[in-house]
Amino acid sequence: MKVLVIGAGIIGAAIAHRLAPHARVTVIEAVTPAAAASGKSFGWINASYYQNDDHHRLRVQAIAAWRRLDATLRTGIQWTGTLWWEETGPAFEATHDALRDLGYPTRLIDADEFERLEPNIATPPDRALQFPTEGAVDAAALTDRLLTAAMGQGAQLILGTPVTGLIGTSRITGVRTDQGPIHADHTILATGTATPGLLCDVGYDLPLLRRPGVLLRSEPLPPLINHILVGPDGEIRQDATGHILAPASASHQSDDAETVPALSDLAEATLHRIRTLLPEADLRWSRMTLGQRPVPEQGLPVVGDVRPGLTVAVMHSGVTLAALIGERVAADVLGRDDSPLLQPYRPVPSV
Ligand SMILES: Cc1cc2nc3c(=O)[nH]c(=O)nc-3n(C[C@H](O)[C@H](O)[C@H](O)COP(=O)(O)OP(=O)(O)OC[C@H]3O[C@@H](n4cnc5c(N)ncnc54)[C@H](O)[C@@H]3O)c2cc1C
């Protein structure tokens, strides 16, 4: 079976990685791997953020899928866990109760324990929740590793080649590029925010929300932070090479702003927030990235067939979900998926 995976972000890479041992896989990428959202992500793998119980369960399974993959591939995920104190008062209790009722590993910690876990953070909160199963990763590096592993299993990668259209109407039999058509038995669109444009060819409407996101990265510092930290002013973490990373907006996963303020103002405001937590650190920012998150209209993933021979996989929280999506989409395409996990996220049939 010949399969085309269009888009070499983390989702396309994870799908290609799972399919490569079972099919002849070609990944076609317009620019370079992780050129879009995957190269601009905060990279937090979590199930403490979710929209409904099904979505939470999907994310829990997604964490488990990364753990499975970790056993065979050097993913680079830092399984540090998260400390969360974003809400206070009744909202804090509600989050704690909801996650405990869902059976999510959650520990209530007090200020003393917080201080022991994070000795460099000024003014620890009175209490926080610890989510020990969560982690974070450089999504661009992981995308590369997945693609390299897929190529080791026979997959082929075509870079710098935008797909310009789909071939076929009732059944999709390949894609068009400026260098000519490429035919296949099955085509998978893992093209993030570019997906609606490609689906126009088959008359399928997949509305996405406009959700820009800015990420600030500091110059490398000695180890200062041990967990992913989620306070009322936003999320921060420190990567394996010492950079402090922070989305410019608080609660970045549910951030619904359609535009971003001037980047220089944003940089100063974000630095200010980090300095409040880490006043002793010699903090200077070296990189800011503006990315467009692929967010389907309902805020939830859209994964499945839209036409015979054509699958889409578009979602926010793609870093959290990629390993699971890779497993399930590969099983779908190979006709082996008997899991109900993705049922709530199937594309709505078009009229
Ligand atoms: C600031 C920010 C913070 C984020 N934080 C988190 C987080 O903490 N945790 C989390 O789980 N998620 C997070 N996300 C979301 C996550 O990064 C995305 O959901 C994920 O990267 C989507 O991956 P993807 O492979 O679907 O899309 P993308 O990474 O956008 O990849 C799509 C690829 O398709 C290619 N392409 C597009 N059109 C074509 C074409 N016509 N032909 C060929 N190739 C094409 C593009 O060049 C690109 O390489 C964040 C995103 C942003 C921007």
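In which sense do strand β2 and β8 pair, and over how many bridges? They pair in the parallel sense, over three bridges, with β2 covering residues 24–28. Keep in mind that this is a predicted model. The chain is assigned two domains, domain 1 (2–43 + 139–208 + 297–345) and domain 2 (82–132 + 212–291), and the shell around the ligand takes at least three residues from each of them. Below is a quick tour, topic by topic.

**The six-stranded sheet**

- β2 and β8 belong to an open sheet of six strands, ordered β8-β2-β1-β12-β21-β20, with mixed pairing.
- β8 (156–158) and β20 (302–307) sit at the edges with a single partner strand each, so one side of each has no neighbour in the sheet.
- Going from one strand to the next, the twist averages 20 degrees.
- If you want a register check for the β2 and β8 pair, look at V27, which stands opposite L157 in β8.

**The three-stranded sheet and A184**

- Another open sheet has three strands in the order β9-β10-β11, and here the pairing is antiparallel.
- Its edge strands are β9 (163–167) and β11 (180–183), each of which pairs on one side only.
- The average twist in this sheet is 25 degrees from one strand to the next.
- Strand β10 (residues 174–177) is joined to β11 by four bridges, and G174 stands opposite H183 in β11.
- Just past that pair, A184 sits in the loop between β11 and β12 (186–189).
- Is A184 buried or exposed? A184 is buried, because 22 other C-beta atoms lie within 10 Å and the cut-off for buried is 20 or more.
- Setting aside neighbours within four places in sequence, A184 is in contact with K2, V3, L4 and G174.
- A184 and G309 are 125 residues apart in sequence, yet their C-alpha atoms are 8.6 Å apart in space.

**Around β17**

- Strand β17 (residues 244–247) is covered on both faces: I244 and A246 are buried on one side, and L245 and P247 are buried on the other.
- That split fits a general pattern: in a regular strand, side chains alternate between the two faces of the sheet.
- β17 runs antiparallel to β14, with three bridges joining them, and R217 is the residue opposite L245 in β17.
- β17 is also antiparallel to strand β16 (residues 234–238), this time through two bridges.
- Q238 has I244 as its bridge partner in β17.
- β16 and β17 make a hairpin with five residues between them, and G242 in the turn has a positive phi of about 95 degrees.

**The ligand shell**

- There are 41 residues surrounding the ligand, and the closest are G7, G9, G192, G213 and G318.
- Which elements give two or more residues to the shell? They are α1 (10–19), β14 (212–218) and α8 (318–333).
- By class, the shell breaks down into 23 nonpolar, 15 polar and three charged residues.

**How the domains meet**

- The C-alpha centres of domain 1 and domain 2 are 31 Å apart.
- Five residues of domain 1 are in contact with eight residues of domain 2.
- On the domain 1 side of that contact, the classes are three nonpolar, one polar and one charged.

**Backbone oddities and an outlying proline**

- S317 isn't a glycine, but it has a positive phi of about 60 degrees.
- S317 lies in the loop between β21 (310–314) and α8 and counts as buried, because 26 C-beta neighbours fall inside 10 Å.
- T123 also has a positive phi, about 40 degrees, without being a glycine.
- T123 is found in the loop between α4 (111–117) and β6 (127–131).
- Why does T123 count as exposed? T123 has 9 C-beta neighbours inside 10 Å, and a residue is exposed at 12 or fewer.
- P340, in the segment after α8, is exposed too, with 8 other C-beta atoms within 10 Å.
- The C-alpha atoms of P340 and N120 are separated by 44 Å, and the two residues are 220 apart along the chain.

Key:
Residues are numbered from 1 along each chain as its sequence is written. This is a predicted model: local features need pLDDT of at least 70, side-chain atom pairs count only at pLDDT 80 or more; totals for chains, interfaces and linings use all residues. A residue is near a molecule or strand if its C-beta atom, placed from the backbone, lies within 6 Å of it. Ala, Val, Leu, Ile, Met, Phe, Trp, Tyr, Cys and Pro count as nonpolar, Asp, Glu, Lys and Arg as charged, and the others, Gly among them, as polar. Domain bounds come from an automatic or database domain assignment. Two residues are in contact if their C-beta atoms, placed from the backbone, lie within 7 Å. Two strands pair if DSSP finds at least two bridges between them. Axes are lines fitted to C-alpha atoms, for helices over the stretch in contact, and angles run from 0 to 180 degrees between N-to-C directions.
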